[in-house]
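Work through the exercises below with the sequence and the coordinates open. Each task is followed by a solution in steps.

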Amino acid sequence: MIKVDFRMRLTAFGVCLFTMYYIHAQNVAINGLKYYLFPDTHEAVINNRNTWSGELDIPVEINYNGERFTVTGIASNAFLDCNELTKVKIPKTIEHIVHHVLTDDPDITGETHPDAMNPFIRCTALESIEVDKNNPIMSSEDGILYSKDKTRLYAYPAGRQHEAYSIPESITWIGVGAICYNNYLSSLTIPNNVTYCGSVCDNCKNLKMVRLSECITNLPAYAFDRCESLRFLDIPESVQSFGESVFRWTHLEKIVIRGTFPYGLREDTFYFMDDTTIIYVQPSEMEKFKLLFSGTILPLEEYTNDIKLIELHQPSVTVFDLQGRQINGQPQHGIYIKSGKKYVKL
């Protein structure tokens, strides 16, 4: 059977190279994992929708009918919903993620998703991802999956039991689904070096505080989907567009939107969003928002003091603003973190 295989290969510096292959590929199951076998090159790619319980050490090679195949790739849905997988070790031979249409049919191929680099979406027990130090495209630190040069974030394990995550300053790119379905995370900081977010933190139900990069221009579809504990968002001036249903099924009380939207807003921007949310926007943008959101829209200058206290339990003994800068003395207004607690004086 001829399969259409879209591959994305990444160099050590995160450069994407796309090639479309029409190859006779064979579907097999060996030692509990499903593979595509490519007899012309003796390569094997871990196929979609595997199940696994406990720790998994991905093999360097497999044997099938007396022939050896080097395991060089992982399908982007390889371990989707594998909720008993607890730890993964990725060998040095893995050099690409094979992209398929995100669908319930594991055999459909075609449209590519080049920024979906997390094959472990909804693996809710997964605590750690380890990568062989000689892998050419990936690395890991503290169980989190990055590109080799650590400029790209690929996967934050959904079962990682840490309450706070500050993305490293070296990261400039966050892949689709990189942080999602983690119910332990309560605080997320995205540094200003990040210029692209394929997604933000959807389905992180315990998340209480998000600090966004001031260099991103777009919030992607479902960015805060089902972030049920999130009550406040401050969206920086750099953001000029929203994807579909950015705030779907949230219970946000207030959103401060500091930027302008020269190309307007999508009709589906506020689908399935709680209309009790108060949104503060630039006066020039109010009519755009009122056309699409049935709740309260107020001008930015009316955003006044409203003191709240949210427990974050972060291991912190100093005071920081949401840009990560240390504050000397007691701040009189604004949002800041002190001794693991978030204070909002606005």
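The exercises deal with aromatic pairs, charges over rings and one aspartate in this predicted model.

**Exercise 1.** Classify the aromatic pair formed by Phe 232 and Tyr 303, and state which parts of the chain the pair ties together.

Solution.
- A search of the whole structure finds 15 aromatic pairs. In the pair of Phe 232 and Tyr 303, the rings are 6.1 Å apart, centre to centre, with 10° between the planes.
- Planes under 30 degrees apart count as stacked, and the pair of Phe 232 and Tyr 303 is stacked.
- Phe 232 belongs to strand E21 (residues 232-235), while Tyr 303 sits in the loop between strand E25 (296-299) and strand E26 (308-311), so the pair ties together parts 71 residues apart in sequence.
- Buried means under 20% relative accessible area. Phe 232, at 10%, counts as buried, and Tyr 303, at 15%, is buried.

**Exercise 2.** Classify the pair of Phe 270 and Phe 293, then place both residues in the chain.

Solution.
- The ring centres of Phe 270 and Phe 293 are 5.3 Å apart and the planes stand at 50°, so the pair is tilted.
- Phe 270 is in the loop between strand E23 (254-257) and strand E24 (278-281). Phe 293 is in the loop between helix H1 (286-292) and E25. The pair thus links distant parts of the chain, 23 residues apart.
- Phe 270 has a relative accessible area of 7% and is buried; Phe 293 is buried, with 5%.
- Ring pairs link Phe 270 and Phe 293 into a cluster with Phe 224, Phe 242, Phe 247, Phe 261 and Phe 289.

**Exercise 3.** Which rings have Lys 150 and Arg 152 over their faces?

Solution.
- Lys 150 lies over the face of Tyr 146, at 5.2 Å from the ring centre.
- For Arg 152, the ring is that of Trp 173, and the distance from the ring centre is 4.3 Å.

**Exercise 4.** Describe the surroundings of Asp 225: is Asp 225 buried or exposed, and which residues does Asp 225 touch?

Solution.
- Asp 225 is located in the loop between strand E20 (218-219) and E21.
- With a relative accessible area of 4%, Asp 225 is buried.
- Leaving aside residues up to four places away in sequence, Asp 225 touches Asp 202, Asn 203, Val 246, Arg 248 and Trp 249.
- With Arg 248 there is also a polar contact of 2.9 Å between the side chains of Asp 225 and Arg 248.

Key
Residues are numbered from 1 along each chain as its sequence is written. This is a predicted model: local features need pLDDT of at least 70, side-chain atom pairs count only at pLDDT 80 or more; totals for chains, interfaces and linings use all residues. Side-chain values use heavy atoms; hydrogens and water are left out. Rings of Phe, Tyr and Trp (its six-membered ring) pair if their centres lie within 6.5 Å; planes under 30 degrees apart count as stacked, over 60 as edge-to-face and the rest as tilted. Helices (H or I, at least four residues) and strands (E, at least two) are DSSP runs, numbered from the N terminus. Buried means under 20% relative accessible area, exposed over 50%, partly exposed in between (1.4 Å probe, protein chains only). A charge sits over a ring if NZ of Lys or CZ of Arg is within 6 Å of the ring centre and within 35 degrees of the ring normal. A polar contact is a pair of N or O atoms within 3.5 Å; within protein, one must be able to donate a hydrogen and the other to accept it, and residues adjacent in sequence count only if both atoms are side-chain atoms. Contact means heavy atoms within 4.5 Å.
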